[in-house]
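Work through these short exercises with the model open. Try each task before reading its solution.

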Amino acid sequence: MNLLTIGYSSAIIDEFKKQFEFCYSISTSSNADMKWWDVHNFTMNTDSRSDVLEAAEIKELIRHFEMYSDMNTRRYAVVHGQHSETKNLLMLQASYASSLLNKYEIDLIFFENMPHEGFDFIFYILAKLRGIRTIITNQTQFSKFFWIIENYEDYGAFYGPKINSQTNVDITLPTEWFYVPKKITRKKSHPFLNLIKSTIYMPHKLPVHLLNYFYTQQFNRSAQPTIEKLDDVSEPYIYYPLHMQPEMNVTALAGTEGLYSDQIFLLETLRRRLPSYVKILIKENPKQTYRCRDQYFFKRLNAIHNLEIVPQDFDSRELIRRSIGVATLTGTVGWEALCLGKPCLIFGNAWYSSLTGVQNFDDHLDLELWLKQIPTSFEVIEKEMYDLLKRCGTGVVDTDYIAIVKDFNSRDNAVDVVRSLKRYIAKCH
């Protein structure tokens with residue numbers, strides 16, 4: 001079995017190389033065969049030819065160009081590339097991917113995370129066209145468990161076999177999520193002071209600093225809340241916290257063909273289907289910058305009837321408790337809504353999609369009936385979650401989540417991760 005791994009830590013890559021006959025790795029780790037950023041920015045030396053792609057593969061890549069372009073925004077600090085630049089990079093990365101798959105006769109690819117950064121997405125598309133098996137891992141919100149899927153559309157369904165028997169997992173809501181900034185205030189850092197500091201430290205990047213200053217000023221002016229106190233809201237409301245962009249949940253998990261990666265379109269769709277007396281409250285993501293939040297974003301947002309923007313320091317759980325329901329693309333807020341006994345509506349592929357009480361949006365959905373549904377008891381949710389977790393691998397595949405694991409050991413973790421994946425493969429044959 002010739003294996004390609006995309007992502008993963010040095011310890012996990014070493015374990016893959018021990019456990020598989022052949023393993024070629026692309027990662028930021030020191031022992032990777034090819035460095036992630038070299039492929040991401042296409043700065044590596046390569047002898048791949050541009051005529052290795054079949055016409056059908058090029059057509060499929062072009063069909064997914066919008067998704068790729070969305071993912072590709074990560075490459076730019078300030079100004080995005082021209083359409084032609086993005087298109088040519090797509091073809092260069094695809095030619096490289098095709099040559100690598102051919103050269104090493106790859107028949108299995110492991111992705112550390114949902115392909116969502118550009119070149120990894122190309123590998124996924126080509127693998128599907130060529131019948132190469134893909135296995136995607138994705139860290140759960142719960143300590144030392146990761147999801148395992150083989151196709152984008154499986155995310156949230158998790159049809160895989162049960163590969164562990166652990167049930168001593170605390171799935172209750174934490175006081176706060178470790179990845180959310182601990183202190184959120186309405187007071188913004190002053191863009192001009194940031195400009196001065198950045199220029200002092202890196203004077204050679206003055207043009208970039210000036211662009212940052214301009215766009216940050218524009219973002220701060222446009223993203224102003226329209227209400228100041230939650231008590232000012234007398235009407236029933238649906239709560240929708242905006243996803244940060246660019247982000248995996250938006251670029252890779254936004255439903256069929258990425259339709260709802262356009263969050264304004266999502267909100268417009270929600271507005272059309274909700275009763276007119278129901279307000280929509282939105283809150284900007286605390287990590288969001290001006291990237292993907294241009295002036296036209298806010299012009300479209302402000303044109304939506306009976307929609308209000310609340311300040312970023314409003315407590316999200318209090319917003320959920322006072323709401324009549326929560327809508328989201330794929331966010332953790334949907335899981336919080338379930339746990340707090342509120343109706344949950346999702347537009348994308350969320351990890352909790354299959355749980356009782358979650359409503360997946362479709363064109364025939366009656367939202368008034370959805371709002372009247374009886375909340376699901378936590379006991380039912382808990383039972384279903386434990387069943388899903390038995391289909392998870394054990395270990396940490398995303399190093400950001402080491403923060404919630406006690407006494408983490410990279411070597412032991414690598415053994416757990418690869419053992420889980422080999423067990424999954426064995427049970428799926």
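**Exercise 1. Classify the packing of α1 and α16: parallel, antiparallel, perpendicular or oblique?**

Solution. This is a predicted model.
- Step 1: locate the helices. α1 covers residues 10–19, and α16 covers residues 410–428.
- Step 2: take the geometry. The axes lie 8 Å apart, at an angle of about 50°.
- Step 3: apply the cut-offs. Under 35 degrees is roughly parallel, and 65 to 115 is roughly perpendicular. α1 and α16 are therefore oblique to each other.
- Step 4: add the hand. The crossing of α1 and α16 is right-handed.

**Exercise 2. Which residues make the α1–α16 contact, and how do they divide by class?**

Solution.
- Step 1: list the α1 side. A11, I12, E15, F16, K18 and Q19 take part.
- Step 2: list the α16 side. Here the residues are S410, R411, N413, A414, V415, V417, V418, L421 and K422.
- Step 3: sort by class. The contact of α1 with α16 has eight nonpolar, three polar and four charged residues.

**Exercise 3. Is N72 buried or exposed?**

Solution.
- Step 1: place the residue. N72 belongs to helix α4, residues 65–72.
- Step 2: compare with the cut-off. Buried means under 20% relative accessible area. N72 has 2% relative accessibility, so N72 counts as buried.
- Step 3: find its partners. Setting aside neighbours within four places in sequence, N72 contacts T86 and L89.

**Exercise 4. Which elements have the lowest and the highest mean pLDDT?**

Solution.
- Step 1: start with the whole protein. Mean pLDDT is 90, and 96% of residues reach 70 or more.
- Step 2: go by element. Helix α8 (residues 206–222) is lowest, at 81. Strand β4 (residues 108–111) is highest, at 98.

Notes:
Residues are numbered from 1 along each chain as its sequence is written. This is a predicted model: local features need pLDDT of at least 70, side-chain atom pairs count only at pLDDT 80 or more; totals for chains, interfaces and linings use all residues. Side-chain values use heavy atoms; hydrogens and water are left out. Helices (H or I, at least four residues) and strands (E, at least two) are DSSP runs, numbered from the N terminus. Buried means under 20% relative accessible area, exposed over 50%, partly exposed in between (1.4 Å probe, protein chains only). Contact means heavy atoms within 4.5 Å. Axes are lines fitted to C-alpha atoms, for helices over the stretch in contact, and angles run from 0 to 180 degrees between N-to-C directions. Angles under 35 degrees count as roughly parallel, over 145 as roughly antiparallel, 65 to 115 as roughly perpendicular and the rest as oblique. A crossing is left-handed if the near helix is turned anticlockwise from the far one by less than a right angle, and right-handed if clockwise. Ala, Val, Leu, Ile, Met, Phe, Trp, Tyr, Cys and Pro count as nonpolar, Asp, Glu, Lys and Arg as charged, and the others, Gly among them, as polar. pLDDT is the predictor's confidence in each residue, from 0 to 100.
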